[in-house]
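Please walk through this fold with me, beginning with a pair of helices and then moving along a run of paired strands.

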Amino acid sequence: MAARKILVPYPVLKDGLAELYTRGYEVFYPEDYYPKRQDILEILPKYDALISCGFLANAEAVARMDNVKIMSTYGVGYDNVALKEMTERGILVCNLPDVVTESTAEFGMGLMLAVMRRISVTDQKLRILPELRWGPTANLGHGLNGKRLGILGMGRIGKAVARRAKAFLMDVTYHNRHQLPAEVEAEYGATYIPTAEQLFRESDVVIINLPLTDSTRQSVGMEQFEMMKRTAYFINVGRGPIVREKELIEALEKGVIAGAGLDVFEHEPNIPAALRGMPNVVLGAHMATATYETRSEMVRLACKNIIDYLEYGQHPNLVNPEVLANKRPL
């Protein structure tokens, strides 16, 4: 039997691919360059499986997947996947639901610290302004201790944020589609807020951990920012298109809110110049999972999704279970 062909369209940490090579798979892997999308589309029909890692698997791409049996995402989200078309063509889509949790929560707390304690802007100023004023009333920010954190989306990442915020002595609240059981709330020291509107009004910091869906897309804008305290901060480690970015910029420019920490943007990788010029905004490069440990494990688990299916017919992280009725033969 010919070796299975696996497409990894863009560079990833190579050690995570080790199991594929050990098992004799034929792997396309551009180690030190980013192929053009058209080049990927042209070779796509030859492959049995795909790890998405930044590749937009839209209807155009799915139409080229003549032999693909399974695609594993490179993370928990799959908003860049034409799921309906994948299902219609009998292609399984699996994700990585757990591996990104801790590093994303860690980065969310890092954004809070950086913008509220003015770590980022002070670092920048010290590098270019040797005469930057020091002293008891200089470079003042806001502490996390005692502040009310509003977590919008209390899934795996939201809970991991709550655990860390509790250690910072924050008053942890959350809004979710469903209230968590009392014992879970007690474990995380979190209080349920029945509406998102109340969460925005009462929080000193709001952090977004939501996935991008039809209901969350463009769901946060000026209406929500005007509900917030003028001293409040907005953190987004969910998805950029959840937020109406022009309205966020307006809210920051007019002092409607105090500042923001953003790892995701509406039109990535493009970041508006207005955001890049604001001293009360800390920017990340969609890098909440960007640790050597997490990114290597993400590749390994994506490979495991593929191996488990192609060799054993298993699919524990399947996000389109309806595909099983018409899946492609292995």
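**Helix packing and the strand order**

In this predicted model, helix H5 passes helix H7 in a right-handed crossing. H5 spans residues 101-116 and H7 spans residues 156-167, and the two pack at an angle of about 50°, with their axes 8 Å apart. Angles from 35 to 65 degrees fall outside both the roughly parallel and the roughly perpendicular classes, and H5 and H7 are therefore oblique to each other. On the H5 side, the residues that meet H7 are Thr-101, Glu-102, Thr-104, Ala-105, Glu-106, Met-109 and Met-112. Their counterparts in H7 are Arg-156, Ile-157, Ala-160, Val-161, Arg-163, Arg-164 and Ala-165.

From the helices we turn to the strands, starting with E9. This strand, residues 205-208, directs Val-205 and Ile-207 one way and Val-206 and Ile-208 the other way, and all of these residues are buried. In a regular strand, side chains alternate between the two faces of the sheet.

Which strands pair with E9 in the parallel sense? One of them is E6, residues 148-152, which pairs with E9 in the parallel sense over 4 bridges; within this pairing, Ile-151 has Ile-207 of E9 as its bridge partner. Another is E10, residues 233-236, whose pairing with E9 is likewise parallel and comprises 4 bridges, and here Ile-207 stands opposite Ile-235. Between E9 and E10 the chain crosses through helix H10, residues 222-227, and this β-α-β crossover is right-handed. Ile-207 can thus be followed in both pairings, as the bridge partner of Ile-151 and as the residue opposite Ile-235 in E10.

The path can be continued from E10 to E11. These strands pair in the parallel sense over 4 bridges, and the bridge partner of Asn-236 in E11 is Leu-262. Together with helix H11, residues 245-253, E10 and E11 make a right-handed β-α-β unit.

Strand E11 itself, residues 259-262, is covered on both faces: Gly-259 and Gly-261 lie on one side, Ala-260 and Leu-262 lie on the other, and all four positions are buried. Leu-262, already met as the bridge partner of Asn-236, is thus among the buried residues of E11. E11 also pairs in the parallel sense with strand E12, residues 281-283, over 3 bridges, and in this pairing Ala-260 stands opposite Val-281.

How values were computed
Residues are numbered from 1 along each chain as its sequence is written. This is a predicted model: local features need pLDDT of at least 70, side-chain atom pairs count only at pLDDT 80 or more; totals for chains, interfaces and linings use all residues. Side-chain values use heavy atoms; hydrogens and water are left out. Buried means under 20% relative accessible area, exposed over 50%, partly exposed in between (1.4 Å probe, protein chains only). Two strands pair if DSSP finds at least two bridges between them. A crossover is right-handed if, with the strands pointing away from the viewer, the path from the first strand over the helix to the second runs clockwise. Axes are lines fitted to C-alpha atoms, for helices over the stretch in contact, and angles run from 0 to 180 degrees between N-to-C directions. Angles under 35 degrees count as roughly parallel, over 145 as roughly antiparallel, 65 to 115 as roughly perpendicular and the rest as oblique. A crossing is left-handed if the near helix is turned anticlockwise from the far one by less than a right angle, and right-handed if clockwise. Contact means heavy atoms within 4.5 Å.
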